[in-house]
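Student: I'd like a close look at one part of this model, namely the empty space enclosed inside it and whatever is packed around that space. Could you walk me through it in one go?

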Amino acid sequence: MTTREDALAFGLSYPDTCQDAPFHDPNWQLVRIKSSKKVFLWTYEKDGYINLNVKADPEWRDYWRSAFASVTAGYHLNKEHWSTIILDGTVPDDAIKNMIDESYRMVTDSPTKRIYEAVKKIPKGKVATYGQVAQMAGNPRMARAVGNALHKNPDPSTIPCHRVVNSKGELAGEFVFGGPGVQASRLAAEGVMSEDGKIDLKKYGMTLMKGRQ
């Protein structure tokens, strides 16, 4: 990959993306997410080569920069969070695509989205605590964020927030599900029985996979 056209075509192959030139300067062409307007790929010509600016994954940033001399700290952007790829032919196509892919994944990721995906993994007949959902979503410290996200659940039919309880197995307040006993009733329909507003976590609690304990 050595041309702007190749880079833009690859960036636009991802869903919900569009090309833009926000500076009214044809030298700066970028690819952004349509829905969020976030940019994950910048393209521009500098010193005779097409350059790409991509969001830098902290876990891989230093590896890419040390592996290829033509991968440097981001030009005109935060150098900790962005990298520049100089398309001079020395960086293999698969490495360039991996870095663009990392950038796309980083700007489309959100804690709320990860929380909803984690809740979907709670099987019928089981419950998980807010803390467990936070762990499954990748950040054990955001248990409170789990509660906030589930309170705004956009699709209860596919995101089973009734399967989430607190660390003591206690059900949510009556107002959360629109009336008294609603959460208990939904759980009972799935074989999870409550007693005095609590679920027996030893019996019904979800066991996380090894490495997520």
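Tutor: Sure, let's start with what the walls are made of. By class, the residues around the largest cavity come out as four nonpolar, one polar and four charged. Keep in mind that this is a predicted model. The residues in that lining are Val54, Lys55, Ala56, Asp57, Arg61, Trp64, Ser83, Met99 and Glu102. As for which elements they sit on, β4, α2 (61-67) and α3 each provide at least two of them. The volume is about 40 Å³, and a search of the whole structure turns up one cavity of 30 Å³ or more.

Now follow α3 away from the cavity. Both Met99 and Glu102 line the cavity, and both are on the list of buried residues in α3, along with Ala95, Ile96, Ile100, Ser103, Tyr104 and Val107. The helix geometry checks out too: at 1.5 Å a residue, the 16 residues of α3 should span 22 Å, and the end C-alpha atoms are 23 Å apart, which agrees.

Met99 also takes us into the packing next door. The largest nonpolar core has 24 residues, and Met99 is among those with the most contacts inside it, as are Phe40, Leu52, Ile85, Val91, Ile96 and Ile100. Elements that contribute two or more residues to this core are α1 (4-11), β2 (29-33), β3 (39-46), β4 (49-55) and α3 (93-108). Of these, α3 gives the most, with six residues. As a general point, nonpolar side chains in soluble globular proteins tend to be buried together.

Ile85 is a handy spot for seeing how cavity and core meet. Leaving out residues up to four places away in sequence, Ile85 touches Ile50, Asn51, Leu52, Val54, Ser70, Val71, Val91, Ile96 and Met99. Two of those partners, Val54 and Met99, also belong to the cavity lining.

For contrast, look at the other end of the story. A second, separate core of 20 residues includes Val119, Met136, Cys161 and Leu208. Cys161 also lines the largest pocket, together with Tyr130, Gly147, Leu150, His151, Asn153, Pro156, Val164, Ala172, Val176, Phe177 and Arg186. That pocket holds about 200 Å³ of space. Helix α6 (residues 143-151) supplies the largest share of its lining, three residues, and by class the pocket lining splits into eight nonpolar, three polar and one charged.

Key
Residues are numbered from 1 along each chain as its sequence is written. This is a predicted model: local features need pLDDT of at least 70, side-chain atom pairs count only at pLDDT 80 or more; totals for chains, interfaces and linings use all residues. Side-chain values use heavy atoms; hydrogens and water are left out. A nonpolar core is a set of buried Ala, Val, Leu, Ile, Met, Phe, Trp, Tyr and Cys residues joined through side-chain atoms within 4.5 Å. Buried means under 20% relative accessible area, exposed over 50%, partly exposed in between (1.4 Å probe, protein chains only). Helices (H or I, at least four residues) and strands (E, at least two) are DSSP runs, numbered from the N terminus. Contact means heavy atoms within 4.5 Å. On a 1 Å grid over the protein atoms alone, a cavity is a set of points where a 1.4 Å probe fits but cannot get out, and a pocket is an open set with protein on both sides within 12 Å along at least five of seven lines; lining residues have an atom within 4 Å of a point. Grid points are joined across faces, edges and corners, and a volume is the space filled by probe spheres set on the points. Ala, Val, Leu, Ile, Met, Phe, Trp, Tyr, Cys and Pro count as nonpolar, Asp, Glu, Lys and Arg as charged, and the others, Gly among them, as polar. The expected span of a helix is 1.5 Å times one less than its number of residues.
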